[in-house]
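I opened this model to look up its strands, its cores and its ring contacts. My notes follow in the order I took them.

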Amino acid sequence: MQQRSPYAQISLPAYPKIGLKLWLASSLALCYWGWGGEVRSQIAPDGTLSTNVTTPDNLNFTINEGDRAGNNLFHSFREFSVPTGGEAFFNNAVDIQNIFSRVTGLSISNIDGLIRANGTANLFLINPNGIIFGPNARLNIGGSFLGSTASSIKFGDGVEFSATNSQAAPLLSINVPIGLQYGNNPGEIRVQGKGQELPRIGTLESFDSSLNPLEVLPGKSLTLVGGNVIIDGGIIQAPGGRVELGGIAGEGTVGINADGSLSFPDEVTGETPVPQADVSIRNKAGINVLASGGGSIEINARNINILEKSLLSAGIGANLESNRPAGDITLNATEAIGVNSSRIENDVNQNAYGNSGNIEITAKSISVSGGAQLTASTVGKGDAGSVKITASDVVSFDADGISNSALSAVAPGAEGKGGGIEITAKSVSVTGGAGLNASTYGKGDAGSVKITASDFVSFDGKSGALSNVQEGGEGKGGGIEISAKSVSVTGGAQLQAATLGKGDAGSVKITASDVVSFDGVSSAARSRVEAGGEGNGGGIEINAKSVSVTGGAFLTASTFGSGDAGSVKITASDIVSFDGVADGISGGAFSAVGQGGEGKGGGIEIRAKSVSVTGGAVLNASTYGSGDAGSVKITASDVVSFDGIADKFSSGAFSTVAKEGEGKGGGIEITTGSLTITNEAGLTATNAGNGSAGEIVVKADSILMENQALVISNTTGGSGNIRLDAPAITLRSSGIITNATGGESGGNIQLGSQFLQLRDGSRIATDASGADVKGGNITINTDVLAALENSDISANSKNFFGGNVIINAQAIFGAQSRTTEELQTLLNTKDPTLDPSNLLSSDITATGADSFSSGSVAVNTPDVDPSAGLVALPDNVVNVTSLVVSVCRPSSKEENRLIVAGRGGLPPNPLEPISPNAIWIDLRTSSNSELRSRRTEGQRVFRELPVANSQIVEAQGWIVNAQGEVELIAQAPTATPHNSGLAQQQCHAP
């Protein structure tokens, strides 16, 4: 029974001048050119050249003669197809270098058998209608093969060998070809295959011959360039040679270089770009140039799709020793490139010797999805290539689960350098578990992951970028570098540069002109020396307009092995914010010497306009191992704020030497315009191990602490000091405290402020306990100290000598010094443990283990006795109503009143002089801007009236000046009484 060709439905190019009868005949002929049908395909010359074709069985064809020009041989066919199991044999002279063959008829070339030629000749086949290679198509030629749907081949001397203009006498050339000329709507090229599952050919020199690859000899080229080029389950192979595919959609010229590669004109070179069509590699298709070096793959098209478990493979084959570096895999598309569920590999394979090439991908948009992988690695001995991706729009990686979507690695047991991963695009997104991995597992430096985007870079889900010295690896980590307008790491995504082997870890560097955000549990940037690792951490560095780390996300630079940890450095022109706790773990920034770690902590350094730490987030520089902890250093021109508690985690900054730690604490240093610590947040320096706690140092324009806020230093083996310097310091229900349970003395507190206010049970304390631990010292330098509502200042020691309290102030309000004996009397106890907070008063104390071990309290003020507390009011209060004339205003029954408000004011007795510090408050509504009462949130602006230094004279009268102001004067004005003639109105007290 007759079989119908599966390609009978392929449309033909439109030829308006061809008659209907000829077109129908050609169409009917196509319907019967099947593989294995009763009427088989044929090869027939068109008579324009001396080409002669013979066949004994219409299955095997011998092509003789042709026209020779130098070492070039030219053939011209009306039809050229090879049936299944058949052969087309070019019986050329062995000294021929190039065979040029054209198809001038209207039929597609269906090739499902063998094409063979003598010697080392290169074979060119052009058919504008299209070329289809079936599952059984094979090549047995000594040179390279070029199949094209071009309309003509151009030569350097101007000669053009045309397949569409066969009526004219053909002009032949002895030169090498320089280009392919395409007309409108060129036909497509297909390579059909069996769609078998492809092996991971890194362990083989080539594909298994059972897959029937369309193959040229090692070192030769196989080029297919037509309309759409489709490799559907087919296999193309050129070991150590070159495979090049190109899709052409319309008129234009594609250049042929001296080495046989193609040159596609573009605007960069000043040439008019040729319209391009699509290239599709699908259904377990494969392209392989793997060998002992030199093999390369290049694809140029409008869109390139590599789908359905297909494979592109280059590099140094297993067990082979390279005599030259491997070539590159290059994909260029004017629109999109998609790689789905497929692999692109350019590797130095197992037991191979040599350097691999690169993977270079360029397009408008690029998508790597469905578990697809781009790999440029070394498994043998030799340097790996790099993965380079460039897109004018979007690059996206998405995987079904965790996958190394792009990998540049030195594999376990390998020796060589990693090439790294480099991406340049408008935007880059990595999602769904996709990973960018540039690591070393063997002997050699890892490459880096470098991303540059003009818009955004985003990592989401269990995705990320990795540059590690892995366990067993020996070399330096390359690190991660990202530059974009904005960068987001969300949903548990991570950026990691670490060392688990022998070698320094790389760093994580992010630069953004706008926002950098980390959000969600486990979303992180990590720079770590892991347990067992030997090397220094590279650290984390972020530069942006604003930086946010929220929802349990964190930044960490730590060492758990042998080596110094890196630091966390953030620089922002606007705000840096940390917020949130997730899964019982605080988010924030961490610099740690971890348990078992040996090295120094790198610390945390933040520079910004404002810094906010809320919702249980922390900034923590600590040591749990053997080594000094780093410091937390914040510089903000505007505000630094710590607020809140979540899941029992207080927001704050921490400098910690843990119980098992051996080293010094790095401390906390904050320089800002305004520091606020509220709602159980705090600054904490702790040393529970062997070593001194770091200092807490704050320099600000104002400091506000309220609602259980703490600045605290806890030590067991050394002092931890606190130094705060701000013009205004206010504590409400808060504390500045040092606790010492070991060492020689407790930490010291030093405060410098123009106005220091303690309210609502606040504390400034240097508490000490434990044998021979002396209380720390408190030094306060201020203009005004106000300690109200049971707010205490204490330098006490429970078991040894109390510390010293030194206060230098212009004025003190509310606080009073208490001796041990006074406290015992007021608390009605002989217990040496005396807590002044049990008194309702605000107290200053320096008690010790007993009355003989008390410290000292020294209060230095110009004119104020601190033991007097607030100024006492007189007991015989004057009834001011008797000093006001009870005369009603005209037309009113309201009596006259005199009200004194604010500080200063009138003396208690009219016979006493006015205080030189009297303050006049004018509460009237006035149009005078200087005297108008300004009220903002209940706050008034007062005007202090100067008082002359001359002798004080009692006021004898008052006048109203031209501005409507009341002025007191020494002499009563002379006035002539005027009787209006009206009777005075009487008024009576109610």
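**Entry 1: ground rules.** Before reading any strand partners I fix the term: two strands pair if DSSP finds at least two bridges between them. I also keep in mind that the model is predicted.

**Entry 2: overall counts.** I started with the whole protein. Its secondary structure comes to two helices and 83 strands. Of its 990 residues, 52% count as buried. I then looked at contacts between residues at least 6 apart in sequence, and 76% of them join residues at least 24 apart.

**Entry 3: strand β5.** I picked β5, residues 72–80, and looked up its partners. Which strand pairs with β5 in the parallel sense? It is β7 (residues 98–103), over six bridges. Here Phe77 stands opposite Val103 of β7.

Two antiparallel partners came next. Strand β1 (residues 43–45) pairs with β5 over three bridges, in the antiparallel sense. Ile43 has Phe80 as its bridge partner in β5. Strand β4 (residues 67–69) also pairs with β5 in the antiparallel sense, over three bridges. Asp67 stands opposite Phe74 there. I checked the link between β4 and β5: they form a hairpin with two residues between them. Gly70 lies in that turn and has a positive phi of about 65°.

I noted the general rule for both senses: strands of a sheet pair through backbone hydrogen bonds, either parallel or antiparallel.

Is β5 mostly covered or mostly open? It is mostly covered, with eight of its nine residues buried.

**Entry 4: the cores.** I looked up the largest nonpolar core and found 165 residues in it. Phe80 and Phe642 are the residues with the most contacts inside that core. A second, separate core has 22 residues, including Phe74, Phe124, Tyr182 and Val274. So Phe80 belongs to the largest core, and Phe74 to the second one, by the rule that a core is a set of buried nonpolar residues joined through side-chain atoms within 4.5 Å.

I then listed what Phe80 touches, leaving aside neighbours within four places in sequence. Its contacts include Ile63, Ala88, Phe90, Val103, Ile111, Ile115 and Leu125. Polar residues are on the list too, among them Gln42, Ser109 and Asn110. Ile43, the bridge partner of Phe80, is also in contact with Phe80.

**Entry 5: rings.** A search of the whole structure gave 10 aromatic pairs. I took Phe74 and Phe161, which form an edge-to-face pair. The ring centres are 5.0 Å apart, with 70° between the planes. Why edge-to-face? Because planes over 60 degrees apart count as such, and this pair has 70°.

The pair links distant parts of the chain: Phe74 is in β5 and Phe161 in β15, 87 residues apart. Phe74 counts as buried because its relative accessibility is 0%. Phe161 is likewise buried, with a relative accessible area of 0%. I followed the rings further and found a cluster: ring pairs link Phe74, Phe100, Phe124, Phe155 and Phe161.

One charge-over-ring contact went into the notebook as well. The charged end of Arg116 sits over the ring of Phe89, 3.9 Å from the ring centre.

**Entry 6: the sheet with β15.** From Phe161 I moved to its strand. β15 belongs to an open sheet of five strands, in the order β15-β14-β16-β23-β24, with antiparallel pairing. Which strands are at the edges? They are β15 (160–162) and β24 (262–263), each pairing on one side only. β24 pairs with β23 (residues 252–256) over two bridges, in the antiparallel sense. Gly255 stands opposite Ser263 of β24.

**Entry 7: helix α2.** I turned to α2, residues 820–827. Which of its residues are buried? They are Thr820, Leu823 and Gln824. They lie on the same side of α2, because they cover an arc of only 100° around the axis. The general geometry: an α-helix has 3.6 residues a turn, so residues three or four places apart point the same way. What covers the buried residues of α2 includes β78 (842–845). Asn828 follows the helix, and its phi is positive, near 55°.

**Entry 8: Leu311.** Last, I looked up Leu311, which is in strand β29 (residues 311–316). Leu311 counts as buried, at 0% relative accessibility. Its C-alpha atom is 6.3 Å from that of Ile287, 24 residues apart along the chain.

Methods: Residues are numbered from 1 along each chain as its sequence is written. This is a predicted model: local features need pLDDT of at least 70, side-chain atom pairs count only at pLDDT 80 or more; totals for chains, interfaces and linings use all residues. Side-chain values use heavy atoms; hydrogens and water are left out. Buried means under 20% relative accessible area, exposed over 50%, partly exposed in between (1.4 Å probe, protein chains only). Contact means heavy atoms within 4.5 Å. Helices (H or I, at least four residues) and strands (E, at least two) are DSSP runs, numbered from the N terminus. The arc is that of the directions from the helix axis to the C-beta atoms. Rings of Phe, Tyr and Trp (its six-membered ring) pair if their centres lie within 6.5 Å; planes under 30 degrees apart count as stacked, over 60 as edge-to-face and the rest as tilted. A charge sits over a ring if NZ of Lys or CZ of Arg is within 6 Å of the ring centre and within 35 degrees of the ring normal.
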